[in-house]
Amino acid sequence: MYNKILEVNFVNKYNGKSNISSEIIQKYRLENDLSLEQLSNKLQLKGVILYPNDLFLIEKGKRIVKDFELLSLCNILDIDLKDVRKLL
């Protein structure tokens with residue numbers, strides 16, 4: 001007789017998305033006339049490594065945004081954190 005290990009993967013999503021800030025990030029990026037690559041470069045200058053594909057996944061709600069990433073994105077895109085908080 002042997003013990004079978006049950007593996008459970010929990011994926012937390014809010015309204016089917018991995019983050020709540022996807023739409024506001026994309027909106028402000030486009031308003032600032034930045035490509036994903038340009039935004040990625042600006043983030044790297046602040047020491048935050050997010051590749052254009054990471055940003056694409058964030059904007060599509062398919063990737064979790066870490067707190068320091070969100071703060072840097074808000075800083076670069078001039079997003080008021082109060083506006084992000086309203087999304088809750």
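Me: Helices are DSSP runs (H or I) of at least four residues, numbered from the N terminus. On that basis, how many helices and strands does the chain have?

Reply: This is a predicted model, and its chain has five helices and zero strands. Read from the N terminus, the order of elements is α-α-α-α-α.

Me: Which overall figures describe burial and surface in the chain?

Reply: Of its 88 residues, 35% count as buried. The accessible surface is about 6,800 Å², and carbon and sulfur atoms account for 52% of that area. As for contacts between residues at least 6 apart in sequence, 60% join residues at least 24 apart.

Me: How should the packing of two helices be read, and what are the values for α2 and α3?

Reply: In general, two packed helices are described by two quantities, the angle between their axes and the distance between the axes. Here α2 and α3 (residues 52-59) pack at an angle of about 110 degrees, and their axes lie 8 Å apart. Angles of 65 to 115 degrees count as roughly perpendicular, and α2 and α3 are therefore roughly perpendicular to each other.

Me: Which residues make that contact?

Reply: From α2 the contact involves Leu36, Glu37, Leu39, Ser40 and Leu43, while α3 contributes Pro52, Leu55, Phe56 and Glu59. By class, the residues of this contact comprise six nonpolar, one polar and two charged.

Me: Leu43 belongs to the α2 side of that contact. Which residue of helix α4 touches Leu43?

Reply: Ser72, which lies in helix α4, touches Leu43 and also Val48, when residues up to four places away in sequence are not counted.

Me: Is Ser72 buried or exposed?

Reply: The test is the relative accessible area, where under 20% means buried. Ser72 has a value of 13% and is therefore buried.

Me: How should the sign of phi be read, and what is the phi of Asp33?

Reply: Most residues other than glycine have a negative phi. Asp33 is not a glycine, yet its phi is positive, at about 55 degrees. Asp33 sits in the loop between α1 (22-31) and α2 (36-45). Its relative accessible area is 66%, so Asp33 is exposed.

Me: What is the phi of Asp78, and where does Asp78 lie?

Reply: Asp78, also a residue other than glycine, has a positive phi near 60 degrees. Asp78 is located in the loop between α4 (67-77) and α5 (81-85). Exposed means over 50% relative accessible area; Asp78 stands at 64% and therefore counts as exposed.

Conventions
Residues numbered from 1 in each chain as written. Predicted model: local features only at pLDDT ≥ 70, side-chain atom pairs only at ≥ 80, totals over all residues. Heavy atoms only, no water. Buried < 20%, exposed > 50% of the residue type's maximum accessible area, 1.4 Å probe, protein only. Contact = heavy atoms within 4.5 Å. Axes fitted to C-alpha atoms, helices over the stretch in contact; angles between N-to-C directions. Parallel < 35°, antiparallel > 145°, perpendicular 65-115°, else oblique. Nonpolar A, V, L, I, M, F, W, Y, C, P; charged D, E, K, R; others polar. Areas by Shrake-Rupley, 256 points an atom, 1.4 Å probe, with all protein chains shown as cover.
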